[in-house]
Amino acid sequence: MIPFVDLKAQYHSIKPEIDAAIQGVLESCAFTLGPDVVELEKEYAAYCNNTYAAGVNNGTSALHLALLAAGVGPGDEVITIPHTFVASAAAIYYTGAAIKLCDIDPITYTMDPVALEAAITSRTKAIIPVHLYGQMADMDPIMALAKKHGLIVLEDAAQAHGAEYKGKRAGSIGDLAGFSFYPGKNLGAAGEGGMVVTGNAEFNRKVRMLRDWGAEKKYHHELKGFNMRLEGIQGAVLRVKMKYIEKWTEMRRDAAGRYDEMFAGSGIETPVQMDNRRHVYHLYVIRTAERERWIKELNGKGIQTGIHYPFPVHLLPAYADLGYKQGQFPHSEKAANEVLSLPMYPELTGDMQAEVVEAVKAL
């Protein structure tokens, strides 16, 4: 079996450090927030080349609280893309704002700036470009439109730890950024976790209050907040993994390069890394119009795959009330019908990839 992702391989490569970090939290009993979370926030902000970071309980909360901190609420519109995990839209819904969608660029799967401009109205308050699969969206035109219309930009960087756009790190370009530390992410916790990164001191202050019942000091609730704090054990585990994130990122990029070379000339549509961008390959996504057959046959050969994502947001039953119809976002809909994610993780070997590529070419 060639797994789609192998979390055990990563754990065993640093097992003594992870075990010691967890034991340290058990001994200190700093289970909620605590010193490891404080240090992780400093280290992660620096990693993103930004000033502030606030740990929260998951990536969805990171987006949700970031929007609230920026003043988004009922009566506002927030624009994002349909071809993304549902959390990008759900975070908008949680604020009471209206979800507005625009189509993707068919090459990068990220927000199309031309479609974005057409979607902006007088009610638009914020934009959420999604750095999908590990490659950042085309941020220069997005930021120019935001400046022109006075809009907040929240980077959905859940899949883009360490990705870069023209030398700038994910989390350093928009007004805020939301990261996920779900176990399978490039930087994954031993459970759930997330982070809001920003250069704005007031946004940072509000996120910190909102994650902890709207209070800066115990029982003094200034805002209607939530219980969305990052756990101490997750902070400790993530601090260990921070030491390896760049090594693992380069291993992912090397694996993607091997896939590219092996697929060259085959006619298989493989990921495109755009000029001046650092793709961190959270996922390695190919395309086929015969996806269900391919999945079945690859699985029969012991090769696990994934679909990210099979339904665009506007065609999900939960978001039918947005009023969009099939055909309105053709690039997102076509991608949703064709994308297929191949095994991708730092420990993936060249021999394993050769077996995957041989099986795909045979199809």
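Contact, or touching, means that heavy atoms lie within 4.5 Å. The model is predicted, so local features need pLDDT of at least 70 and side-chain atom pairs count only at pLDDT 80 or more, while totals for chains, interfaces and linings use all residues. Residues are numbered from 1 along each chain as its sequence is written, and side-chain values use heavy atoms, with hydrogens and water left out.

**Exercise 1.** Find which residues Leu116 touches, not counting residues up to four places away in sequence.

*Solution.* Leaving out those sequence neighbours, we find Ile79, Cys102, Met111, Ile127, Ile142 and Leu145 in contact with Leu116.

**Exercise 2.** Describe the largest nonpolar core and say where it lies.

*Solution.* Begin with the term: a nonpolar core is a set of buried Ala, Val, Leu, Ile, Met, Phe, Trp, Tyr and Cys residues joined through side-chain atoms within 4.5 Å, where buried means under 20% relative accessible area, exposed over 50%, and partly exposed in between (1.4 Å probe, protein chains only). The largest such core has 54 residues, and Tyr44, Leu116 and Phe179 have the most contacts inside it. Because domain 1 (7-103 + 110-239) and domain 2 (245-362) both give residues to this core, it lies between them; the domain bounds come from an automatic or database domain assignment.

**Exercise 3.** Decide whether Ala91 is buried or exposed, and name its surroundings.

*Solution.* Ala91 has a relative accessible area of 0%, so this residue is buried. Ala91 belongs to helix H5 (residues 87-95), helices being DSSP runs (H or I, at least four residues) numbered from the N terminus. Not counting residues up to four places away in sequence, Ala91 touches Thr60, Leu63, His64 and Leu67.

Conventions:
Helix = DSSP H or I, 4+ residues; strand = E, 2+ residues; numbered from the N terminus.
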